[in-house]
Amino acid sequence: AGPSPDLSGALAMLRSPAVAAYPVATALHDLLNGGPRSSTECLGVLREHAGRGDPTALWALGLCRYLGSSFAPGLPPQNYAEAYTFLLRAAEHGHAVAQNHIGVVYEKGHGVASNVRTAAEWYRRAAEQGYADGQFYLGQCYQMGVGLATDVPMAMVWYRRAADQGHAQAIDALRATLAVIIVRRVTADVHRRGDLSLREC
């Protein structure tokens, strides 16, 4: 299965004290968690800030359209095409979470034609800004040759950067990749020694 939108890390940011007083963050939090304000009021806050070109508000509107009312009753109906429009605007403004989400959209073909090369390009943009999910997904692209030439050492570079931020999936991927490399090296060494022994007989 392909990656899912970056909800855990993105929603964790909404709970951090640094953004607790930010109207866009509180409106999105209420929409997703059934807060005290009505969905109409919360969506109005997002649209107002998006109208001013706020990248986070654009991302939030895109996320709402991407998830849809089946995820949370206060959200509008799911519409991948509209979600893409908002997410792309946010991504083009340099919003790392939106850039990563656009990568997911292209990889899964949600609202656009699936294009793994374009997905990898967007993961790279998010990764280069230090966004851990983007670093992990870019690492997967390199490891599995999705949209990029297979390059396990480069995959490990990006897994390491995400793992250094505590990204659990990246930590697991890094350990698993290292284990495979060690097993291959040990196996090759055993075969090499076996060949030498046969030649000495």
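Author: A crossing is called left-handed if the near helix is turned anticlockwise from the far one by less than a right angle, and right-handed if clockwise. The crossing of helix 6 and helix 7 is left-handed.

Reader: Before we go on, what kind of model is this?

Author: It's a predicted model, where local features need pLDDT of at least 70, side-chain atom pairs count only at pLDDT 80 or more, and totals for chains, interfaces and linings use all residues. Numbering starts from 1 along each chain as its sequence is written, and side-chain values use heavy atoms, with hydrogens and water left out.

Reader: How many helices and strands are in the chain?

Author: Ten helices and zero strands, so the order from the N terminus on reads α-α-α-α-α-α-α-α-α-α. Those are DSSP runs numbered from the N terminus (helices: H or I, at least four residues; strands: E, at least two).

Reader: What makes helix 6 roughly antiparallel to helix 7?

Author: Helix 6 (residues 96–108) and helix 7 (residues 116–128) pack at an angle of about 165 degrees, with their axes 8 Å apart. That makes helix 6 roughly antiparallel to helix 7, because angles over 145 degrees get that name (under 35 is roughly parallel, 65 to 115 roughly perpendicular, the rest oblique). The axes are lines fitted to C-alpha atoms, for helices over the stretch in contact, and the angles run from 0 to 180 degrees between N-to-C directions.

Reader: Which residues in helix 6 and helix 7 meet?

Author: On the helix 6 side, Ala96, Gln99, Asn100, Ile102, Gly103, Val104, Tyr106 and Glu107. They meet Thr118, Ala119, Trp122, Tyr123, Arg125 and Ala126 in helix 7, with contact meaning heavy atoms within 4.5 Å. By class, this contact has eight nonpolar, four polar and two charged residues. For the classes, Ala, Val, Leu, Ile, Met, Phe, Trp, Tyr, Cys and Pro count as nonpolar, Asp, Glu, Lys and Arg as charged, and the others, Gly among them, as polar.

Reader: Why are helix 5 and helix 6 called oblique to each other?

Author: Helix 5 (residues 80–92) and helix 6 pack at an angle of about 135 degrees, their axes 8 Å apart. That angle falls in none of the named ranges, so helix 5 and helix 6 are oblique to each other. Their crossing is left-handed. The contact is made by Tyr84, Leu87, Leu88, Ala90 and Ala91 of helix 5 and Ala98, Gln99, His101, Ile102, Val105 and Tyr106 of helix 6. The class split there is nine nonpolar, two polar and no charged.

Reader: And what makes helix 7 oblique to helix 8?

Author: Helix 7 and helix 8 (residues 132–144) pack at about 140 degrees, with axes 8 Å apart. That makes helix 7 oblique to helix 8. Their crossing is left-handed. Ala120, Tyr123, Arg124, Ala126 and Ala127 in helix 7 meet Gly134, Gln135, Tyr137, Leu138, Cys141 and Tyr142 in helix 8. Sorted by class, that contact has eight nonpolar, two polar and one charged residues.

Reader: Why does tryptophan 122 count as buried?

Author: Buried means under 20% relative accessible area (exposed is over 50%, partly exposed in between; 1.4 Å probe, protein chains only). Tryptophan 122 sits at 8% relative accessibility, so tryptophan 122 counts as buried. This tryptophan belongs to helix 7. Leaving aside neighbours within four places in sequence, tryptophan 122 is in contact with Leu88, Ala91, Glu92, Gln99, Ile102, Gly103 and Tyr106. The C-alpha atoms of tryptophan 122 and glycine 103 are 5.0 Å apart, though 19 residues separate the two along the chain.

Reader: Why does tyrosine 123 count as buried?

Author: Tyrosine 123 comes out at 0% relative accessibility, so tyrosine 123 counts as buried. Tyrosine 123 is also in helix 7. Phenylalanine 136 lies 13 residues from tyrosine 123 in sequence and 8.7 Å away in space, C-alpha to C-alpha.

Reader: How many disulfides does the structure hold?

Author: Zero. Cysteine 64 is in no disulfide: the nearest cysteine sulfur, that of cysteine 42, is 9.1 Å away, and a disulfide takes a pair of cysteine sulfur atoms within 2.5 Å. At 1% relative accessibility, cysteine 64 counts as buried, and cysteine 141, at 3%, does too.

Reader: Which residues of helix 2 are buried?

Author: In helix 2 (residues 23–33), they're Val24, Ala25, Ala27, Leu28, Asp30, Leu31 and Leu32. Glycine 34, just after helix 2, takes a positive phi of about 65 degrees. Over the chain, 42% of the 201 residues count as buried.
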